[in-house]
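Colleague: Before I rely on the labels attached to this model, I would like to hear how they were reached. Could you show it to me and take my questions in turn?

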Amino acid sequence: MVEPTVRDVLAFHRVDRAAYDQLLSLGVPPPPARNAVALLMWLGRRGGGAGVDAVDRARRLVRTRHDAARLASEARAVLHGGAAALDLARRWAGAGETLISSILGGGGIDVRRFFALVPDDAPRRGVAEVLDGVGALVFDDRLYALLRRHEEGGGAVLPAELAAPYRRPLAPALAPVGDGGCRSLFITFSKGSPLTREEIEEYFTERWGDCLEKVMMERTPAGEPPTYGRIVFRHAATAAAVLGGEHLVKLVINGRQLRARKYFPRKASAFSHGLN
């Protein structure tokens, strides 16, 4: 069996990339645009193989900035809370049904029945799988620019990077912790309500699968609880998916609140020396 090349995968997922570019052009930031398209790709796979048709239908239905923002909001609701959160998004939009339901309904997928049959964490795991798999190509601006230049130049000689065999997952190999922080989230706890390292690891593993490389906590004197920490994911796509385009997200773990935002490394900072 002949292995597909990177170029083959890019060409096959042209519709998915076009949907992503369309959301960007309508004002949706890259992280939530990626999550929305990845969710549609995954829902299509799980709902009967209509993934590409569903994404193409989204391209035809989402024509305004309002529609694009609504789709991104609904996708975030699904990723953070399943069907119940999707109903909240529908009521917030004042619509008779969700935009995702309209999109996938055209492909013969009963969205409400689907969400009733899958675990709440299934969409999060599915999106992480897409982002760490073909999504590493679909949402790579540099690779698509390379493909475009190749095709516009007549396509005589395929660049080595595009001719390389595609081997899943194509997400970047694990980088050292000091990789610019793109795989990391800075976390803080409510005063007097800290979480343990084990609770944090269990929460993210249950929802996103085997996604963690390391969880670090503030180093404190004996008897004093930590107030902050850092989570390092295996892939940057997972960190971006957790944030969903927001600067700050609030998560509830075992009844206690955890706030997470993108981690920005600082050389020789007190923070970097205060973790273990």
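Modeller: In this predicted model, the buried residues of helix 13 are Thr238, Ala239, Ala240, Ala241, Val242 and Leu243.

Colleague: What makes helix 13 largely enclosed by the rest of the structure?

Modeller: Helix 13 spans residues 236-243, and 6 of its 8 residues are buried, so the helix is described as largely enclosed by the rest of the structure. Buried here means a relative accessible area under 20%. Glycine 244 follows helix 13, and its phi is positive, near 60 degrees.

Colleague: Why is strand 1 described as largely enclosed, and which strands pair with strand 1?

Modeller: The reasoning is of that kind again: strand 1 covers residues 184-189 and has 5 of its 6 residues buried, so it too is largely enclosed by the rest of the structure. Strand 1 pairs with strand 3, residues 228-233, in the antiparallel sense over 5 bridges, and isoleucine 187 has glycine 229 as its bridge partner in strand 3. Strand 1 is also joined by 5 bridges to strand 5, residues 256-262, and these two run antiparallel; there the bridge partner of leucine 185 is lysine 262.

Colleague: Why is the pair of phenylalanine 204 and phenylalanine 233 called edge-to-face?

Modeller: Let me begin with another pair, that of tyrosine 20 and phenylalanine 139, whose ring centres are 5.0 Å apart, with 70 degrees between the planes. Rings pair if their centres lie within 6.5 Å, and planes over 60 degrees apart count as edge-to-face, so both conditions are met and the tyrosine 20 and phenylalanine 139 pair takes that name. This pair links distant parts of the chain, since tyrosine 20 belongs to helix 2 and phenylalanine 139 to the loop between helix 9 and helix 10, 119 residues apart. Both tyrosine 20 and phenylalanine 139 are buried. As for your pair, the rings of phenylalanine 204 and phenylalanine 233 have centres 5.6 Å apart and planes at 75 degrees, so they are edge-to-face as well. Here too distant parts of the chain are linked, with phenylalanine 204 in helix 12 and phenylalanine 233 in strand 3, 29 residues apart.

Colleague: How do you know whether phenylalanine 204 and phenylalanine 233 are buried or exposed?

Modeller: Phenylalanine 204 has a relative accessibility of 1%, and therefore counts as buried. For phenylalanine 233 the relative accessible area is 0%, so phenylalanine 233 is buried. Ring pairs also link Tyr203, Phe204 and Phe233 into a cluster, and the count for the structure comes to 4 aromatic pairs.

Colleague: Why is alanine 69 called partly exposed?

Modeller: Alanine 69 has a relative accessible area of 43%; because buried means under 20% and exposed means over 50%, this value falls in between, and partly exposed is the conclusion. Alanine 69 lies in helix 5, residues 65-93. From leucine 23 it is 46 residues away in sequence and 8.4 Å away in space, C-alpha to C-alpha.

Colleague: Which residues line the largest cavity, and into which classes do they divide?

Modeller: The structure holds 1 cavity of 30 Å³ or more, and the volume of the largest cavity is about 60 Å³. Its lining is made by Ala19, Gln22, Leu23, Val37, Leu40, Ala58, Arg59, Val62 and Leu71. Helix 2, helix 3 and helix 4 are the elements that give two or more residues to this lining, with the largest share, 3 residues, coming from helix 2. By class, the lining residues divide into 7 nonpolar, 1 polar and 1 charged.

Colleague: How much space lies in the second largest pocket, and where does the largest share of its lining come from?

Modeller: The second largest pocket has about 210 Å³ of space, and of the 13 residues lining it, Ala72, Ser73, Arg76, Gly244 and Glu246 are the closest to its centre. Helix 5 gives the largest share of this lining, 6 residues, and by class the lining of the second largest pocket has 6 nonpolar, 5 polar and 2 charged residues.

Terms used. Residues numbered from 1 in each chain as written. Predicted model: local features only at pLDDT ≥ 70, side-chain atom pairs only at ≥ 80, totals over all residues. Heavy atoms only, no water. 1 Å grid on protein atoms, 1.4 Å probe; cavity = no way out; pocket = protein on both sides within 12 Å on 5 of 7 lines; lining within 4 Å. Points joined across faces, edges and corners; volume = space filled by probe spheres on them. Helix = DSSP H or I, 4+ residues; strand = E, 2+ residues; numbered from the N terminus. Nonpolar A, V, L, I, M, F, W, Y, C, P; charged D, E, K, R; others polar. Buried < 20%, exposed > 50% of the residue type's maximum accessible area, 1.4 Å probe, protein only. Pairing = 2+ DSSP bridges. Phe/Tyr/Trp six-rings, centres within 6.5 Å; stacked < 30°, edge-to-face > 60°.
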